[in-house]
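Please look over the sequence and the model below before reading on. The report that follows takes up burial, aromatic rings, the nonpolar cores, charged pairs and cysteines in turn.

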Amino acid sequence: MPAVFRHTNIVSHDPDRLARFYIDVFGCEREGPERHLSGDWIERGTGLAGATITGVMLRLPGFGQSAPRLEIFRVAGAEAAAPAQVTRPGLMHLCFEVDDAQETLDRILAAGGRVLGEIVDSGEVPGVGRADFVYARDPDDNIVELIAWNRIVPAS
């Protein structure tokens with residue numbers, strides 16, 4: 001069977017607050033019960049002795065029931081996080097395609113996020129199109145990209 005992308009996980013000190021942000025701003029939907037994971041199987045699978053993990057799973061918008069998920073967990077003993085940086089290797093950002101970058105950025109701010117950059121027009125990206133985009137931060141300082149395509153150039 002070919003690989004199928006299922007989810008991305010964010011560790012948060014307050015999974016409920018962060019989940020509310022993604023539900024309120026992007027229309028993610030909570031799926032299933034809150035997870036309470038501990039025991040030998042989770043310790044062996046994560047390589048973390050004494051692992052105790054709680055959190056929620058959100059279905060990302062735009063793909064129906066088969067959508068990839070955003071998993072937001074609290075891990076007992078998690079360290080304070082350094083804010084994500086555009087220049088740091090590793091996961092840089094989550095990207096959401098939106099109809100209106102400014103309107104969505106306003107919702108991010110109202111939900112406890114903050115602006116990282118400014119909304120700009122990409123100019124023509126050859127073979128792709130042009131878009132307005134901006135980087136912002138969620139309440140846990142993870143980077144979120146908003147992209148609003150103005151015109152998509154058909155593939156040649």
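Are Tyr22 and Phe96 buried or exposed? Both of them are buried, a word that here stands for under 20% relative accessible area, with exposed meaning over 50% and partly exposed anything in between, for a 1.4 Å probe and protein chains only.

This is a predicted model, in which local features need pLDDT of at least 70 and side-chain atom pairs count only at pLDDT 80 or more, while totals for chains, interfaces and linings use all residues. Residues are numbered from 1 along each chain as its sequence is written, and side-chain values use heavy atoms, with hydrogens and water left out.

## Aromatic rings

A pair of aromatic rings is described by the distance of the centres and the angle of the planes. The rings of Phe, Tyr and Trp (its six-membered ring) are taken to pair if their centres lie within 6.5 Å, and planes under 30 degrees apart count as stacked, those over 60 as edge-to-face and the rest as tilted. A search of the whole structure finds six aromatic pairs. In one of them, the rings of Tyr22 and Phe26 have centres 5.9 Å apart and planes at 25°, so this pair is stacked. Tyr22 and Phe26 both lie in helix H1, four residues apart, which is about one turn of the helix; helices (H or I, at least four residues) and strands (E, at least two) are DSSP runs, numbered from the N terminus. Tyr22 has a relative accessible area of 0% and is buried, and Phe26, at 11%, counts as buried too.

Tyr22 also forms an aromatic pair with Phe96, which is tilted, with 6.1 Å from centre to centre and 35° between the planes. This second pair links distant parts of the chain, since Tyr22 is in helix H1 and Phe96 in strand E5, 74 residues apart. Phe21, Tyr22, Phe26 and Phe96 form one aromatic cluster.

## Nonpolar cores

In soluble globular proteins, nonpolar side chains tend to be buried together. A nonpolar core is here a set of buried Ala, Val, Leu, Ile, Met, Phe, Trp, Tyr and Cys residues joined through side-chain atoms within 4.5 Å. The largest such core has 23 residues, of which Tyr22, Phe26, Ile72 and Leu146 touch the most other members. Several elements each supply at least two residues of this core, among them helix H1 (15-26), strand E4 (69-75), helix H3 (101-110) and strand E9 (143-152). Its largest share, six residues, comes from H1. Apart from this core lies another, of six residues, including Ile42, Ala51, Phe73 and Val75.

Leu146 shows what surrounds a member of the largest core. Leaving aside neighbours within four places in sequence, Leu146 is in contact (heavy atoms within 4.5 Å) with ten residues' worth of partners that include Phe26, Phe96, Leu105, Ile108 and Phe133. 

## Salt bridges

A salt bridge is a side-chain nitrogen of Lys or Arg within 4 Å of a carboxyl oxygen of Asp or Glu, and by this rule the count comes to 11 salt bridges. The table gives three of them, with the closest distance between N and O atoms.

| Residue | Partner | N to O distance |
|---|---|---|
| Asp16 | Arg30 | 3.9 Å |
| Arg30 | Glu34 | 3.9 Å |
| Arg59 | Glu31 | 2.5 Å |

The pair of Asp16 and Arg30 links distant parts of the chain, with Asp16 in helix H1 and Arg30 in strand E2 (residues 29-38), 14 residues apart. Asp16 is partly exposed at 33% relative accessibility, and Arg30 is likewise partly exposed, with a relative accessible area of 42%. Glu34, the partner of Arg30 in another salt bridge, counts as partly exposed at 34%.

The pair of Arg59 and Glu31 also links distant parts of the chain, with Arg59 in strand E3 and Glu31 in strand E2, 28 residues apart. Arg59 counts as buried, at 10% relative accessibility. Glu29, Glu31, Arg59 and Arg69 are linked in a network of salt bridges.

## Cysteines and a loop residue

The structure holds zero disulfides, a disulfide being a pair of cysteine sulfur atoms within 2.5 Å. Why is Cys28 without such a bond? The closest cysteine sulfur, in Cys95, is 13 Å from the sulfur of Cys28, which is too far for a bond. Cys28 counts as buried at 3% relative accessibility, whereas Cys95 is partly exposed, with a relative accessible area of 42%.

Asp141 is placed in the loop between E8 and E9, and has a positive phi of about 75° although it is not a glycine. At 21% relative accessibility, Asp141 counts as partly exposed.
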